[in-house]
Amino acid sequence: MVTRPERTALKETERTSAELESLGLQNQFLVVNGVFHASRRDDPVALALERKGQHALEAMPERLRTLPRTTVLLRGHNIVGIAALRELLSEPARAAASVPTRPAPDHLPALPSLTELVDEFATLRNGLIMVMGKGGVGKTTIAAAIATGLAARGLPVHLTTTDPAAHVATTLESEVPELKVSRIDPKAETQAYRQHAMATAEKRLDAQGLALLEEDLRSPCTEEIAVFHAFSRIVSGRSTKSW
């Protein structure tokens with residue numbers, strides 16, 4: 001099993017471990033991937049990220065503590081070539097020292113804090129915020145932070161996701177007044193969309209046309225269309241005074 005040094009990821013891995021054991025799969029091994037160590041001790045953001053990971057590992061569920069474990073450090077460079085792959089699983093302390101670093105710029109652009117950003121959103125009173133990016137970059141965390149921030153300011157908020165791996169409810173830990181949480185199931189929405197499209201087309205297409213349509217609906221883009229329809233229903237069904 002592979003997990004990240006995050007509370008929600010470790011909790012999900014604990015559940016998976018128990019499920020596998022119930023199926024008779026008891027020979028389990030844990031890999032903690034992407035453990036972050038700050039290369040500069042004067043960087044408060046880096047140190048905060050390091051502490052967050054350390055705290056998550058210190059609070060690791062007991063079930064996972066008993067498993068044989070390998071720790072893989074977060075790398076700031078490409079893992080290409082045999083030497084780099086060998087280094088990937090090398091001793092963490094030695095691997096950390098081998099990570100190439102770039103000199104930090106003397107001046108970084110001033111960016112608003114998340115609180116300031118939420119304050120700016122709140123002045124608009126309503127709107128749509130979409131958080132996107134590659135897997136593991138923190139979409140769920142940022143979306144939950146923005147949603148709870150707006151709800152804390154008394155605004156009604158609907159937080160939804162299409163990612164089956166994004167456990168938004170777990171990230172929030174508890175119910176928040178003014179905040180509704182939901183998830184769009186891509187598979188269920190795609191099936192419903194296909195059924196609706198076929199039922200509608202039966203009135204105007206012959207057997208050959210229906211066969212062609214059924215083949216078209218097996219295209220990967222059908223899921224994107226179905227999910228967009230589901231998302232549109234959520235947006236259009238909300239009050240105009242909410243996020």
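This dialogue walks through a sheet, a helix and one residue in a predicted model.

Colleague: Where should I begin with the sheet, and what is the order of its strands?

Modeller: Begin with the strand order, which here is β1-β2-β3 in an open sheet of 3 strands with parallel pairing. The edge strands are β1 (2-3) and β3 (69-73), each of which pairs on one side only.

Colleague: Over how many bridges do β1 and β2 pair, and which residue is the bridge partner of Thr3 in β2?

Modeller: Pairing is read bridge by bridge, and β1 runs parallel to strand β2 (residues 30-35) over 2 bridges. Val2 stands opposite Val31 in β2, while the bridge partner of Thr3 in β2 is Val32. Between these two strands the chain passes from β1 through α1 to β2, and this β-α-β crossover is right-handed.

Colleague: Over how many bridges do β2 and β3 pair?

Modeller: That pairing, also in the parallel sense, extends over 5 bridges, and within it Asn33 has Val72 in β3 as its bridge partner. When you look along such strands, keep in mind that in a regular strand the side chains alternate between the two faces of the sheet.

Colleague: Turning to helix α2, how does its reach from first C-alpha to last stand against what is expected at 1.5 Å a residue?

Modeller: A helix can be checked by setting its end-to-end reach beside the expected value, and for α2 (residues 44-58), which has 15 residues, the reach of 21 Å is close to the 21 Å expected. At the start of α2, a side-chain oxygen of Asp43 comes to within 3.1 Å of the backbone nitrogen of Val45.

Colleague: Which residues of α2 are buried, and what covers them?

Modeller: Burial is best read together with whatever does the covering: the buried residues of α2 are Ala46, Leu47, Glu50, Gly53 and Ala56, and what covers them includes α1 (7-22).

Colleague: For a single residue, is Thr222 buried or exposed, and in which helix is Thr222 found?

Modeller: Thr222 is found in helix α11 (residues 221-237), and Thr222 counts as buried because its relative accessible area is 3%, against a cut-off of under 20%. Leaving aside residues up to four places away in sequence, Thr222 touches Thr190, Tyr193, Arg194, Asp216 and Leu217.

Note on methods:
Residues numbered from 1 in each chain as written. Predicted model: local features only at pLDDT ≥ 70, side-chain atom pairs only at ≥ 80, totals over all residues. Heavy atoms only, no water. Helix = DSSP H or I, 4+ residues; strand = E, 2+ residues; numbered from the N terminus. Buried < 20%, exposed > 50% of the residue type's maximum accessible area, 1.4 Å probe, protein only. Contact = heavy atoms within 4.5 Å. Expected span 1.5 Å × (residues − 1). Polar contact = N/O pair within 3.5 Å; in protein donor to acceptor, adjacent residues only side chain to side chain. Pairing = 2+ DSSP bridges. Right-handed = clockwise from strand over helix to strand, strands pointing away.
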